[in-house]
Structures are given as structure tokens and as C-alpha cells.
Amino acid sequence: MATYFEIICGIIALFFAFYFYFTSTFDFWKVRGVPGPKPVPVFGNIKDVMLLRTSMCAYLKKLWEEYKDEPMVGIFTRKTPILILQDPELIKDVLIRDFSIFADRGIPVHEKAEPLSPHLFNLESQRWRPLRTRLSPVFTSGKLKEMFPLILECSKHLEQYLDNLVAKGEPIECRELTAKYTTDVIGSCAFGIEMNALSDEDSEFRRMGKQVFATSFRQILRFRLRQIFPHLYNLLGSIMAPLEITTFLTKIIVDTMKYRDDNNIVRPDFVNMLMELKKHPDKLENIKLTDTLLTAQAFVFFVAGFETSSSAISNALYELALNPEIQDKLRQEIKEHFEKNDGELKYDQIKDLTYLDLVFRETLRKYPAGPLILRKSVSSYTFNNTKVSIPEKTFVWIPLYAIHHNPDIYPNPDAFIPERFNDDAVASRDSMHYLPFGDGPRNCIGARFAVYQSKVGLITILRNHKVEVCEKTMIPYVIDPAAFLLAPKGGIYLKLIKVES
């Protein structure tokens, strides 16, 4: 009998220990006077997000609606306090004015479990700063101009591929179509490698790209393990087999650098910049420059470069199919541009396509790459004009999707209205209310490149083709709650029809 009693007491004690562990931080925002919803043990405030019942985009949008008059809101992911900023001045403080205090994204880097995770997007400020400085020259306007003929070459391959697809007369999954194009662009411009995603259905690079953003049970389980038990996850890294993409990409980058070195080949691209870093490691103080670290930088440019741009193009096509009058107006602008420029598309003239720019910016408003912008304080901080102080290592979220869908900023936010980005309309809004590429020193390093490859892709598709909805088109658009970045559930299927140029 005593044994049973002891077992019951042990279970009760264990229950209270777990309860205390998961609720020990729950007064964090209350004592600081920051409003927010009541958290629950184990899940905090993101139970529905963790159980894939809703997307992070939808959750943060709903939170904004509930606390729209508050400059900041405090929530918990499991037991971790998260501060969500809603006031544009506070957002500007974090991203720009007091950037040095919020230079980290707060994304854990697991170098054993994921050797390609210490890349420019994830890295803590100590390694991020020198690497960003050294890699930035690859993304200047001058370098992009040199790469532009390579983007055009890929667009011609896209045109040929479209002719074959249209001839079949079947609905086209536009995310896969545009991902093949952007994969080829990244391969040619950044790595000097023919990735052949458009011409080869079995392209290894396209297959690897799909793996990174797959939403399989295994991927989700790995992601949750990394989130909830980071130390265990890193410990397991030493016994887990490396991901296929780690082995594949490391070999590609190392072999490419060696081949160029042996044959004195110099190209104005990303791999060349990595080679320069390898030759002059002394310029990166306190950084151990390994082949894996160099490959990690190539990895993030590869996956971010093809995925975000292909999403932007396919989302734009989706909206143009739903809004044929906008599509016709844009195609007319494209047609007039080619007539005026002898059927050629030149780097310096992309900016002349002003309506295309409005369409593209409205696409990024409605469908930003992700639901939020992450930051983590590197020291304690008191927010301006408030009494709210946070300690070192506090997570701060800027709810990007919620801001872009706030009806007080963008009336009728679910409507697709390119004119929102006319000069007068832009001047009337706070700059912190449109952040598709972030802002401040840690904004997207490849933003200019992404814009150009996306616009060339849209021009190529729309110049000679009309996009229409079909029986497989998802209406309304449903965000996949399992996706890492903002992505539609089930893809974007549209019908493409050849038109006279």
C-alpha cells in the first residue's frame, strides 16, 4: 500500500514539476505592464499553430485585430516570452535606430546537426557583420548589370518551356514552373552552373530545392525537435547522417572552386566572392573559414533566391488571373515597352515598366515571403516613450503579414490594388508599414537581385501568354500552416493561353 502511495505522490510531484517548468515565465509580460492573451502550459499562446490548425500569418493577424490599439503585445511560444511590436516608431527603433541592440535574429545555429545552418540569415551578429560586409559587393547594381544577360538567357529557356506546356492544354502548377526558372537563374548567375531545372525533369538541383521546403511529417518532426529540444537536437547531430543536400551542395561548391582555381577562371558571381574569402581569411577576424561555412553561404542564397522569387512570381500570376483587367493593362505596358525598344529588354529599362512595379509591390504586400521579422536583443533595452524594459536575449517579432493586411493602413486589404503603390499613396504611409525585404542593416542582401529576376520572369510569361483560373485553381487562397515560408496549400494551378505579342 505504501508503495502505491509513494508512486502516486511521485506522479503528483512530477506533474507539479512539469507544470512549474512550463509556467515559470508566464508573469514575464504582466510584471512589465505589456498586454497580451493568457498562455496555456506546454503551448504558450501558439497551440493552434503548433498543431497545424492555423498558420502563423493568420494567428498574428488575429492577434493584431484583438490588440490593434496597443503599441506592443506580449505572447509566449511554449514558455519563451515574445514581444510583438505594432507601433511603427518602435519597429523603426528595432530595425534601424537601435539596430546594434537587435542585431541578432535569434535563430539557433546547429552546426553539428545542420552543417549548413551557420549562414548569413541565421548567424549571430559577431559572424554576420564581417561576412555581410565581404559578401555585399556581389549584390551591387553594377554586378547585377553584368549578370543581367544571364537572367535573359534563362528567360529564353523559360519561353521555350512554356510553349511545350501550353501545347498540352492542361492546368499548370505555377509554383513549380517558376521555381524551375528561378533555380536556373540562381545557378547561372550565382554559381556559374547549368542547373537545367527547365530542360531536365530530373534536375538534381530542383530536387534538392524541393527537399528543403518539403512539408513532410519527417521535416515537421525535425523542425519541432529543433525548436523544443535544441540541445538534444545538436547532440544528436553527431550521430545523425547528414542531410542529402549538405553532402550534395558542399561537393558542388568545393569542386567548382577547385576547378576555377586550377583553370584560372574568374566570373563576377557568388562563388568567386567565396573564393576570395578563402584566399584572404585574415579579413574575417575571429571566423574559422571552412568549406562547410562557405557552402552555408551558398546554400542560403540558393534556397532563398529561388524560393522567394518563385513564390512572388506565382502569387502575382494568381492575382492577375483573378483580375484580368489588371493583367490586360500590364500586358499592354509590356507590349508597348518592347515596341519602343526594338523587341529588346535591357537592364536600365526595367525601371520604365512602372505598372509592373506597382503590380510587383502589391504582390509582396499581400504575399510577403514570411509571416514575421525576427530579432533578439543582445543587451537589456528600454523602449522609447514607454516604461517597458526587456532583458538581454529577449525575442522581438515584427508581424509583417498582419501589418500588410491591416485595413487601417491598406483599406480592403484582401483586394489586389496595384495603385496602392503610386507615389502619393506611398508618401502617405509610414515606411515601416511596408517591409517585404525587412529594413535597416540586416535587410535582405539579395533584394535587388530578387526584384530583377522576378520581373523578367513575369515579363517573359505575360508578354505572350494570358493566365486564367481553371477548375483546379484554389479560390480563396489558403495558406499552408505547415510551410516554413508563406505558401499556398496545394499549389497554384492556372491555365496559360498563348496570345499574339
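**Local features of the predicted model**

At 70% relative accessibility, Asp342 counts as exposed, because exposed means over 50%. The model examined here is predicted. Asp342 sits in the loop that links α14 (324-340) to α15 (354-366). Its backbone is notable on one count: Asp342 is not a glycine, although its phi is positive, at about 55°.

Asn264 also has a positive phi, of about 50°, and is not a glycine. This residue belongs to the loop between α11 (244-262) and α12 (270-279). Its relative accessible area is 69%, so Asn264 is exposed.

A further backbone feature involves a proline. The peptide bond joining Ile475 and Pro476 is cis. Its omega is about 0°. Pro476 is placed in the loop that runs between β8 (465-468) and β9 (493-498).

Cys444 is marked in a record. An unreviewed UniProt entry covers this residue with the annotation "binding site". Cys444 lies in the loop between α17 (423-427) and α18 (447-464). Its relative accessibility is 34%, and Cys444 therefore counts as partly exposed, since that class lies between the buried limit of 20% and the exposed limit of 50%. Leaving aside residues up to four places away in sequence, Cys444 touches Arg132 and Phe437.

The surface also carries a nonpolar patch. Its members are Ile8, Ile12, Phe15, Phe16 and Tyr19. Together they have about 540 Å² of accessible area. Tyr19, one of these residues, is in helix α1, which comprises residues 2-23. Tyr19 has a relative accessibility of 43% and so counts as partly exposed.

Helix α8 provides a view of the interior. This helix comprises residues 204-212. Its buried residues are Phe205, Arg206, Met208 and Gly209. They span an arc of only 160° around the axis, and are therefore on the same side of α8. Three helices receive the buried residues of α8: they pack against α7 (174-191), α11 and α13 (291-322). Helix α11 also borders the loop that holds Asn264.

Taken by residue, the picture is as follows. Asp342 and Asn264 are exposed loop residues with positive phi. Cys444 is a partly exposed loop residue. Tyr19 is partly exposed as well, but its place is in a helix. In α8, by contrast, Phe205, Arg206, Met208 and Gly209 are buried.

Terms used: Residues numbered from 1 in each chain as written. Predicted model: local features only at pLDDT ≥ 70, side-chain atom pairs only at ≥ 80, totals over all residues. Heavy atoms only, no water. Patch = residues over 30% accessible without salt bridge, like charges linked within 9 Å, V, L, I, M, F, W, Y side chains within 5 Å. Areas by Shrake-Rupley, 256 points an atom, 1.4 Å probe, with all protein chains shown as cover. Salt bridge = Lys/Arg side-chain N within 4 Å of Asp/Glu carboxyl O. Helix = DSSP H or I, 4+ residues; strand = E, 2+ residues; numbered from the N terminus. Buried < 20%, exposed > 50% of the residue type's maximum accessible area, 1.4 Å probe, protein only. UniProt positions renumbered as here; feature names shortened; annotations may be inferred. Contact = heavy atoms within 4.5 Å. Arc of directions from axis to C-beta.
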